[in-house]
2 protein chains.
Amino acid sequence: MKATLPERVKGVCCPPSIMVPPAKVDASVEVLKALADPTRLQMVAVLKRSTRPVCICDFTAAFELSQPTISHHMAKLRDAGLVEVTKVGIWAYYRLAGHLEPKTRALLDVLV
Amino acid sequence: MKATLPERVKGVCCPPSIMVPPAKVDASVEVLKALADPTRLQMVAVLKRSTRPVCICDFTAAFELSQPTISHHMAKLRDAGLVEVTKVGIWAYYRLAGHLEPKTRALLDVLV
DNA sequence: CCATTCCATCGACAACCATCAATTCGTTGA
DNA sequence: TCAACGAATTGATGGTTGTCGATGGAATGG
């Protein structure tokens with residue numbers, strides 16, 4: 001393995017490596033942060049598996065969390081553009097966003 | 001769209017939806033949290049693009065962050081099992097982990 | 001043996017985040 | 001008109017996290 005390591009000289013640090021454009025990184029991080037929570041990832045997984053929009057009251061019943069907390073998590077997914085809502089009467093039905101970027105769609109395909 | 005929405009009865013909430021095993025979710029969340037930071041995602045991107053292990057001093061030079069902070073971020077990637085380190089003299093060379101789970105590998109292929 | 005260099009760890013601090021109780025808003029139905 | 005229900009918002013709180021300065025440890029070179 002040592003042969004594959006670059007030569008080094010003390011005090012000579014360092015040629016910056018090839019970087020990804022910060023905008024691209026930030027965009028990915030926004031989605032990753034939205035998904036980096038057990039409750040929200042589970043929500044997305046359920047929505048992805050469901051053929052029909054899911055009433056948020058189902059999530060409130062399924063998780064052992066308060067109703068405001070569930071609403072808060074769903075709002076995060078909404079802000080990240082991952083889900084969309086349709087309100088019918090007193091109920092709110094959520095589904096995966098229809099206009100997901102291909103990269104985001106691929107991400108969900110791998111994850112859930 | 002209304003036709004695709006399930007019928008609802010007041011006060012009847014709710015049949016729990018089909019859930020993903022919590023262990024699976026937690027495992028994914030651990031990786032997602034490790035990647036849900038601009039600095040760390042950039043690091044992973046650089047490591048994925050590089051054919052040779054990268055000295056951590058290159059990252060210290062590339063980012064406008066202190067050396068302890070860079071070391072801290074790399075430790076997070078290490079704890080998540082995403083990267084491995086080889087120490088040669090006073091230098092530490094990092095690379096993507098060789099034994100990444102297929103799911104994690106696919107995740108990185110989509111992301112970076 | 002000592003100074004230098006690189007890296008990791010520790011301690012501290014501010015910012016952020018997940019959570020809940022309480023409240024508010026919109027809708028329904030009596 | 002008003003009570004009941006679902007959902008979102010607000011305010012507060014404890015825990016987590018990103019960041020830095022200071023310190024410590026290991027290897028190198030004089």
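## A backbone touch on the DNA

Let's start with one small detail: a backbone N or O atom of A:Cys57 sits 3.5 Å from a phosphate oxygen of DNA strand D. This is a predicted model, in which local features need pLDDT of at least 70, side-chain atom pairs count only at pLDDT 80 or more, and totals for chains, interfaces and linings use all residues. Residues are numbered from 1 along each chain as its sequence is written, chains are lettered from A and ligands numbered from 1 in the order in which they are written, and side-chain values use heavy atoms, with hydrogens and water left out.

## Around DNA strand D

Which residues are closest to DNA strand D? They are A:Gln67, A:Tyr94, B:Ser66, B:Thr69 and B:His73, out of 24 that surround the strand. Here, a residue is near a strand if one of its heavy atoms lies within 4 Å of it. Of the strand D atoms within 4 Å of the protein, 69% belong to sugar or phosphate, and the rest to bases.

Two other atom pairs are worth finding. In the side chain of B:Arg40, an N or O atom is 3.0 Å from a phosphate oxygen of DNA strand D. A polar backbone atom of A:Ile90 is 3.3 Å from a sugar or linking oxygen of that strand.

Which element gives the most to this surface? It is α4(B), with five residues. Helices (H or I, at least four residues) and strands (E, at least two) are DSSP runs, numbered from the N terminus.

## Where the two chains meet

Now look at the protein chains themselves. Chain A and chain B each bring 51 residues to their contact, where contact means heavy atoms within 4.5 Å. The area buried between them is about 4500 Å², and carbon and sulfur atoms give 74% of it. Buried area is the accessible area (1.4 Å probe) that two parts lose on being put together, summed over both. On the chain A side, A:Leu5, A:Arg8 and A:Leu32 supply 13% of the area that chain A buries against chain B, more than any other three residues.

How many salt bridges link chain A and chain B? There are two, a salt bridge being a side-chain nitrogen of Lys or Arg within 4 Å of a carboxyl oxygen of Asp or Glu. B:Arg8 forms a salt bridge with A:Asp58, with the closest N and O atoms 2.7 Å apart. The largest share of the side of chain A that touches chain B comes from α1(A), with seven residues.

Methods: A polar contact is a pair of N or O atoms within 3.5 Å; within protein, one must be able to donate a hydrogen and the other to accept it, and residues adjacent in sequence count only if both atoms are side-chain atoms.
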